[in-house]
Amino acid sequence: MNDHGDPADGDLVEAAPAFDVPNEVAEAVRTLIRWAGDDPKREGLLDTPRRVARAWKEYAKGYQEDPAVHLSRTFEEVGGYDEIVLLKNIPFQSHCEHHLAPIIGKASIAYLPKDKVVGISKLARVLHGYARRLQVQERLTAQVADAIWEHLQPKGVAVIIEATHACMTARGVSTPGVMMTTSRMMGTFREDERSRREVLALMGY
């Protein structure tokens, strides 16, 4: 769809609803285009400032929510289940707070319930809520694990994130293909080696 809400030729999916972009935001993008060496008045760049602004509003929509709210509805009726709950290889994207460059990766999130569980999709929603902010991978890993630990009060939490960082692969040392891995283990997964090995094996490590 174009900026007026009409279908645009070549669009494969429906665009996000349009909204007004403050002039100072659009002008900031024009300034960056000029500083990079191009002309924001040329035809191909005329609508770019507002597109960029709207895209960033979507990239950073995690600021508009409390990701932990997805953990507020829990269930105690689990038929006596007391083994590991794991959501594996959840894709996500974020942006690095140092260069505003993309971070693209996957996360595996596990917890060992004590007396309550949460809908499995909620784990992904917590991840995405924190990822859709300016981030560093270490903090993202800790935020996801801490939220689950605090709100579900499980016996253990394990979060592993693997991601590529465009600030490293597309600039600077320019090393494409490099993957950064971060992890946070809490409770029994940190204190008990056997439990830690079990959850890592289930995650594929």
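Trainee: Is C96 buried or exposed?
Mentor: In this predicted model, C96 counts as buried, at 4% relative accessibility.

Trainee: And what about C167, buried or exposed?
Mentor: C167 counts as buried, with a relative accessibility of 16%.

Trainee: How many disulfides does the structure hold?
Mentor: The structure holds zero disulfides. C96 is in no disulfide, and the nearest cysteine sulfur, that of C167, is 4.0 Å away.

Trainee: Why is there no bond from C167 to C96?
Mentor: The sulfur of C167 is too far for a bond, because the closest cysteine sulfur, in C96, is 4.0 Å away, whereas a disulfide needs the two sulfur atoms within 2.5 Å.

Trainee: Changing topic, how many aromatic pairs does a search of the whole structure find?
Mentor: The search finds one aromatic pair. W56 and Y59 form this pair, which is edge-to-face, with 5.2 Å centre to centre and 85° between the planes.

Trainee: Where are W56 and Y59?
Mentor: Both belong to helix α2 (residues 48-59). Because they are three residues apart there, about one helical turn separates W56 and Y59.

Trainee: Are those two residues buried or exposed?
Mentor: W56 counts as partly exposed at 26% relative accessibility, and Y59 counts as partly exposed at 32%.

Trainee: On to the surface: which residues make the nonpolar patch?
Mentor: M168, V173 and V178 make a nonpolar surface patch of about 240 Å².

Trainee: Where is M168 placed?
Mentor: M168 is in helix α5 (residues 166-169). With a relative accessible area of 36%, M168 is partly exposed, so M168 passes the requirement of over 30% for patch residues.

Notes
Residues are numbered from 1 along each chain as its sequence is written. This is a predicted model: local features need pLDDT of at least 70, side-chain atom pairs count only at pLDDT 80 or more; totals for chains, interfaces and linings use all residues. Side-chain values use heavy atoms; hydrogens and water are left out. Patches are made of residues with over 30% relative accessible area and no salt bridge: like charges are joined within 9 Å, nonpolar side chains (Val, Leu, Ile, Met, Phe, Trp, Tyr) within 5 Å. Accessible areas come from the Shrake-Rupley method with a 1.4 Å probe; for residues, only the protein chains shown count as cover. A salt bridge is a side-chain nitrogen of Lys or Arg within 4 Å of a carboxyl oxygen of Asp or Glu. Helices (H or I, at least four residues) and strands (E, at least two) are DSSP runs, numbered from the N terminus. Buried means under 20% relative accessible area, exposed over 50%, partly exposed in between (1.4 Å probe, protein chains only). Rings of Phe, Tyr and Trp (its six-membered ring) pair if their centres lie within 6.5 Å; planes under 30 degrees apart count as stacked, over 60 as edge-to-face and the rest as tilted.
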